[in-house]
Amino acid sequence: MPVDVSERAKQGFSSPDVSWYRGESLDYVKNLLTANHPAIYEYVEPDFVGRVLDLHLSGRRNCRLLIWSFLCLEWWLRIFAAGECIALEGRSNG
């Protein structure tokens, strides 16, 4: 790896923009956060998650950062707490 890359100052990244929670990604987000008793339901009320998704998807409020936080927590709980192997939909291993 080039030194100018490995020695570069840390820089953050933002969560996906509002469009990421529309179109093709919407089904993935809704399924992960609402179907088959998501792991976050042990820590966050299911009705609250549903209301946040509804507010965002109806366009009444931009909740992308909170939804991103829900997704990250769900992924973390599945991978590190439950030991699941999370497959990336639509991607091949070859």
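**Group meeting: leucine 73 and its surroundings**

Hi everyone, let's start with leucine 73, which is partly exposed, at a relative accessible area of 30%. This residue sits in helix H4, which covers residues 64-81. Please keep in mind that we are looking at a predicted model.

What lies across from leucine 73 in space? The C-alpha atom of isoleucine 40 is 6.8 Å from that of leucine 73, although the two residues are 33 apart along the chain.

Leucine 73 also belongs to a nonpolar surface patch, together with Tyr43, Trp76, Ile79 and Phe80. Taken together, these residues have about 570 Å² of accessible area.

Two of those patch members deserve a moment. Tryptophan 76 is partly exposed, because its relative accessibility is 47%, while phenylalanine 80 reaches 60% and counts as exposed. They are 4 residues apart in helix H4, so about one helical turn separates them.

Now to the rings. How many aromatic pairs does the structure hold? There are 3. One of them joins tryptophan 68 and tryptophan 75: the ring centres are 5.6 Å apart and the planes meet at 75 degrees, so this pair is edge-to-face. Another joins tryptophan 76 and phenylalanine 80, with centres 5.9 Å apart and planes at 40 degrees, so that pair is tilted.

Finally, a word on confidence. The chain has an average pLDDT of 84, and 87% of the residues score at least 70. Among the elements, helix H3 (residues 46-57) has the highest mean, 95, and helix H1 (residues 3-6) the lowest, 84. Over residues 90-94, pLDDT falls below 50, and this stretch makes 0 contacts in the model beyond near neighbours in sequence.

Thanks, everyone!

Definitions and conventions. Residues are numbered from 1 along each chain as its sequence is written. This is a predicted model: local features need pLDDT of at least 70, side-chain atom pairs count only at pLDDT 80 or more; totals for chains, interfaces and linings use all residues. Side-chain values use heavy atoms; hydrogens and water are left out. Patches are made of residues with over 30% relative accessible area and no salt bridge: like charges are joined within 9 Å, nonpolar side chains (Val, Leu, Ile, Met, Phe, Trp, Tyr) within 5 Å. Accessible areas come from the Shrake-Rupley method with a 1.4 Å probe; for residues, only the protein chains shown count as cover. A salt bridge is a side-chain nitrogen of Lys or Arg within 4 Å of a carboxyl oxygen of Asp or Glu. Helices (H or I, at least four residues) and strands (E, at least two) are DSSP runs, numbered from the N terminus. Buried means under 20% relative accessible area, exposed over 50%, partly exposed in between (1.4 Å probe, protein chains only). pLDDT is the predictor's confidence in each residue, from 0 to 100. Contact means heavy atoms within 4.5 Å. Rings of Phe, Tyr and Trp (its six-membered ring) pair if their centres lie within 6.5 Å; planes under 30 degrees apart count as stacked, over 60 as edge-to-face and the rest as tilted.
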